[in-house]
Amino acid sequence: MTTVATGRSTLLPAVRSFLSSPRRLLIDGARVDAADGRTFATVDPSTEEVLAQVAHASAADVDRAVTAARKAFDASSPWSRMTPRDRSHLLWRVGDLIEAHADELAQLEALDNGKRVEAARDGDVATAAELFRYSAGWATGMEGATIPMSVPGRSFHAYTRREPIGVVAAIVPWNFPLLMACFKIAPAIAAGNAVVLKPAEQTPLTALRLGDLLLEAGVPAGVVNVVTGYGDTGAALVEHPGVDKVAFTGSTEVGRKIAAAASGNLKKVSLELGGKAPNIVFADADLDTAVAGAVLAGYFNEGQCCVNGSRLYVQRAVFDEVVAGVAAAANAITVGDGFDPDSDMGPLVSREQHEKVLSYLRGAVDEGAVISAGSTEAARDRGYFVTPALITSVTEDMAVQTDEIFGPVVTAVPFDTEDEVVAAANDTVYGLAAGVWSRDLSTAHRVGSRLRAGTVWLNTWHADDVTLPRGGFKQSGWGRELGASGLDDYTELKTVVAELR
């Protein structure tokens with residue numbers, strides 16, 4: 001493992017301008033300060049320097065935003081009167097604007113989150129643009145069904161309609177800030193809802209810039225509002241009686257709190273929560289491909305991804321070979337500033353996350369585990385850098401094996417039989433993702449069907465598309481995002497019955 005550093009000489013003028021101006025809330029189409037004037041700092045995780053001061057929304061600001069969204073959703077509003085075709089064209093324009101500003105958005109994401117600029121541009125930003133274009137098709141594709149009724153001596157015409165829920169509170173995490181915001185906004189407004197977006201306090205910048213682009217595309221004032229702040233801002237939004245639905249991506253712990261808080265007016269809730277995905281390698285797998293897949297599964301996005309394969313199970317006959325391959329690849333990863341083209345992995349998002357991950361590594365060693373790659377110490381004196389780690393001699397009751405760490409940490413455990421590994425893989429409160437590597441397709445499909453997870457990859461990992469529904473079993477969440485199923489969580493199903501005389 002090596003480390004690199006770089007300056008900020010490559011920042012685009014648009015990015016410098018954005019950072020130098022006040023970062024205000026977006027409410028009812030206008031940039032406004034927080035009512036009480038509060039702000040908070042957002043920090044570059046590579047340098048630990050303050051990037052900008054951002055408005056900290058209070059309950060009063062949240063109320064203003066929800067009121068604006070309710071007004072925009074009102075039956076007589078321009079937004080509610082907009083035809084599905086016009087919404088479709090609007091969503092497509094948003095996608096075009098995201099693509100046109102890809103370099104700017106990627107730099108903002110790399111500054112705020114720490115990820116590599118290339119990863120942000122080619123992955124997060126490109127997918128965000130594609131998601132709006134995909135959702136544009138659904139604006140005109142929401143259909144109901146006619147249903148025959150059987151009532152002796154009477155005749156009816158019965159049908160169903162898909163209608164928007166109303167005001168959606170979208171609360172998103174810091175690991176894919178722009179993309180997760182688009183996961184919520186694109187299908188929500190495709191269905192005709194209004195949105196109040198609350199980004200993570202660690203990464204508010206691209207959400208605020210997205211708000212500008214939505215207005216530029218022609219999204220009416222109040223349809224999408226952005227309130228930045230800490231947990232108190234999110235709590236005020238979840239509890240607000242004017243919110244009809246909460247869409248949340250984040251930790252299972254916070255998801256429980258949201259589910260409880262939303263009970264006041266029985267808001268609809270969809271949750272994509274934590275994961276601790278098992279990645280199973282059988283002895284008959286193509287080991288070169290499986291090792292490369294395990295590296296991608298474990299260390300993608302600095303390990304800060306809820307569907308990462310952080311629990312690696314390898315059949316005993318090839319365990320040493322696979323562990324050696326993964327360890328060598330982990331040691332070859334260059335950790336450094338996301339703006340340096342020679343770096344392979346950026347920092348973790350915050351000091352808190354940095355300390356959390358290192359604490360898990362030190363705790364594993366104290367419990368008798370072995371660090372086969374990586375280190376229990378910070379990778380650099382400045383910035384929140386962690387060396388990608390591979391841990392062996394792990395037992396199933398160790399914290400590194402049971403808890404979602406959300407960092408570049410993979411545990412490797414040997415197994416002998418299919419039944420043994422399936423039982424171990426499913427022995428978790430989570431159920432977001434899983435993977436199987438085997439040349440025998442019968443084995444791959446059979447084991448895949450036995451794994452309790454919302455997404456199962458066979459001989460691949462992180463093979464994603466905006467057309468595929470994603471979500472979790474067990475404590476990994478409620479509902480699904482993306483694909484045709486993803487739109488269901490932003491609509492109400494209405495049954496209409498007319499008697500024919």
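**Exercise 1. Does T42 count as buried or exposed?**

*Solution.* Let's start by placing the residue: in this predicted model, T42 sits in strand 4, which covers residues 39–43. Next, look at its accessibility. The relative accessibility of T42 is 1%, and the cut-off for buried is under 20%. T42 therefore counts as buried. Finally, look at the neighbours. Leaving out residues up to four places away in sequence, T42 touches several residues, among them E49, D112, E201 and L205.

**Exercise 2. Find the residue that UniProt annotates as "active site" and describe its surroundings.**

*Solution.* First, the record: an unreviewed UniProt entry places the annotation "active site" on E272. Second, the location: E272 belongs to strand 11, residues 268–272. Third, the accessibility: E272 has a relative accessible area of 4%, so E272 is buried. Fourth, the contacts: not counting residues up to four places away in sequence, E272 touches F248, T249, G250, C306, L432, R470, S476 and E481. Keep C306 in mind for a later exercise.

**Exercise 3. Check whether the span of helix 7 fits its 14 residues, and work out how enclosed the helix is.**

*Solution.* Begin with the length. Helix 7 runs over residues 177–190, and at 1.5 Å a residue it should span 20 Å. The expected span is 1.5 Å times one less than the number of residues. The end C-alpha atoms of helix 7 are 20 Å apart, so the two values agree. Now turn to burial: 14 of the 14 residues of helix 7 are buried, which means that the helix is largely enclosed by the rest of the structure. To finish, step past the end of the helix: G192 follows, with a positive phi near 100°.

**Exercise 4. How many disulfides does the chain have, and what surrounds C182 and C306?**

*Solution.* A disulfide needs two cysteine sulfur atoms within 2.5 Å. By this rule the count is 0. Take C182: the nearest cysteine sulfur belongs to C306 and is 16 Å away, and C182 is in no disulfide. With 0% relative accessibility, C182 counts as buried. Now take C306: its closest cysteine sulfur is in C305, at 5.2 Å, which is too far for a bond. C306 is buried too, because its relative accessible area is 9%.

**Exercise 5. Describe two residues that have a positive phi although they are not glycines.**

*Solution.* One of them is N301, with a phi of about 55°. N301 lies in the loop between helix 11 (287–299) and strand 13 (311–315), and with a relative accessible area of 10% it is buried. The other example is L482, whose phi is about 70°. L482 lies in the loop between strand 20 (477–478) and helix 17 (483–488). L482 has a relative accessible area of 9%, so L482 is buried.

**Exercise 6. Does the radius of gyration agree or disagree with that of a compact globule?**

*Solution.* Start from the size: for 501 residues, a compact globule would have a radius of gyration near 23 Å. The chain has 24 Å, which agrees. Then add some context. The C-alpha trace spans about 75 × 65 × 40 Å along its principal axes, and 56% of the 501 residues count as buried. The chain has 17 helices and 21 strands. Among contacts between residues at least 6 apart in sequence, 74% join residues at least 24 apart.

Key:
Residues are numbered from 1 along each chain as its sequence is written. This is a predicted model: local features need pLDDT of at least 70, side-chain atom pairs count only at pLDDT 80 or more; totals for chains, interfaces and linings use all residues. Side-chain values use heavy atoms; hydrogens and water are left out. Helices (H or I, at least four residues) and strands (E, at least two) are DSSP runs, numbered from the N terminus. Buried means under 20% relative accessible area, exposed over 50%, partly exposed in between (1.4 Å probe, protein chains only). Contact means heavy atoms within 4.5 Å. UniProt positions are given in the numbering used here, feature names are shortened, and annotations may be inferred rather than shown by experiment. The radius of gyration is taken over C-alpha atoms; the globule rule is 2.2 Å times the number of residues to the power 0.38.
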